[in-house]
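User: I would like to go through this model one step at a time. Please explain each term when it comes up.

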Amino acid sequence: MDFVLDENNTLHVELLSEISNGGDLLKKVIQSKISCCLINAELLVDLFHVKIAALKAVQSEKRQQMRAKAVTTEIMCNLASSGNISTSLKQFGLDNETKQLLVVFINTTNQDIETVL
């Protein structure tokens with residue numbers, strides 16, 4: 001699913017069910033092999049929250065006011081009410097028991113998406 005955030009940025013979201021390779025995906029993100037945000041989908045009430053978090057992250061990047069080093073991590077920070085990076089990664093990130101995963105891309109190519117899927 002694609003959403004236009006503003007004139008220069010597009011949000012792409014994929015829902016993965018019954019995942020078994022969450023650890024491998026997380027490792028690729030940490031090693032910067034893929035640039036996406038991995039969110040435990042079981043904790044989300046509505047996709048609207050992700051859209052707002054992504055829009056805030058893109059705006060923070062434009063103003064050079066990001067708390068995190070990457071826009072994808074900034075999305076995670078914006079999901080948590082505390083705004084704390086480590087808290088939001090623990091709260092919304094994936095763990096060994098995650099079965100529903102929301103993969104979020106900002107301004108990506110189909111090749112990046114296929115790497116994850």
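Analyst: Helices (H or I, at least four residues) and strands (E, at least two) are DSSP runs, numbered from the N terminus. This is a predicted model, in which local features need pLDDT of at least 70 and side-chain atom pairs count only at pLDDT 80 or more, while totals for chains, interfaces and linings use all residues. Residues are numbered from 1 along each chain as its sequence is written, and side-chain values use heavy atoms, with hydrogens and water left out.

User: In which helix does glutamate 74 lie?
Analyst: The helix in question covers residues 71–79. Glutamate 74 therefore belongs to a DSSP run, and that run is helix α3.

User: Is glutamate 74 buried or exposed?
Analyst: Buried means under 20% relative accessible area, exposed over 50%, and partly exposed in between (1.4 Å probe, protein chains only). Because its relative accessible area is 1%, glutamate 74 counts as buried.

User: Which residues does glutamate 74 touch, not counting those up to four places away in sequence?
Analyst: Contact means heavy atoms within 4.5 Å. With residues up to four places away in sequence not counted, glutamate 74 touches Ala57, Ser60, Met66, Arg67 and Ala68.

User: Is serine 86 buried, exposed or partly exposed?
Analyst: Serine 86 lies in helix α4, residues 85–92. Because its relative accessibility is 40%, serine 86 counts as partly exposed.

User: In what order do the four strands form the open sheet?
Analyst: Two strands pair if DSSP finds at least two bridges between them. The pairing in this sheet is antiparallel. The order is β1-β2-β4-β3.

User: Which are the edge strands?
Analyst: An edge strand here pairs on one side only. The two that do so are β1 (2–6) and β3 (37–40).

User: How many bridges do β2 and β4 pair over?
Analyst: β2 and β4 run in the antiparallel sense. One of the bridge pairs is leucine 16 with leucine 101 in β4. The pairing of β2 and β4 extends over seven bridges.

User: What is the bridge partner of cysteine 37 in β4?
Analyst: β3 and β4 are antiparallel and are joined by four bridges. In β4, cysteine 37 has as its bridge partner valine 104.

User: At about what angle does α3 run to β3?
Analyst: Axes are lines fitted to C-alpha atoms, for helices over the stretch in contact, and angles run from 0 to 180 degrees between N-to-C directions. α3 lies across β3 and β4 (100–106). Its angle to β3 is about 25°.

User: Which element gives the largest share of the largest nonpolar core?
Analyst: A nonpolar core is a set of buried Ala, Val, Leu, Ile, Met, Phe, Trp, Tyr and Cys residues joined through side-chain atoms within 4.5 Å. Of the 22 residues in the largest one, Leu11, Ile39, Ile75, Leu102, Val104 and Ile106 touch the most other members. The elements that give two or more residues to this core are β1, β2, β3, α2 (47–62), α3 and β4. The largest share, five residues, comes from α2.

User: Which element gives the most to the lining of the largest pocket?
Analyst: On a 1 Å grid over the protein atoms alone, a pocket is an open set of points where a 1.4 Å probe fits, with protein on both sides within 12 Å along at least five of seven lines, and lining residues have an atom within 4 Å of a point. The largest pocket is lined by 22 residues, of which Val29, Cys36, Cys37, Thr72 and Thr73 lie nearest its centre. With four residues, the element that gives the most to this lining is α3.
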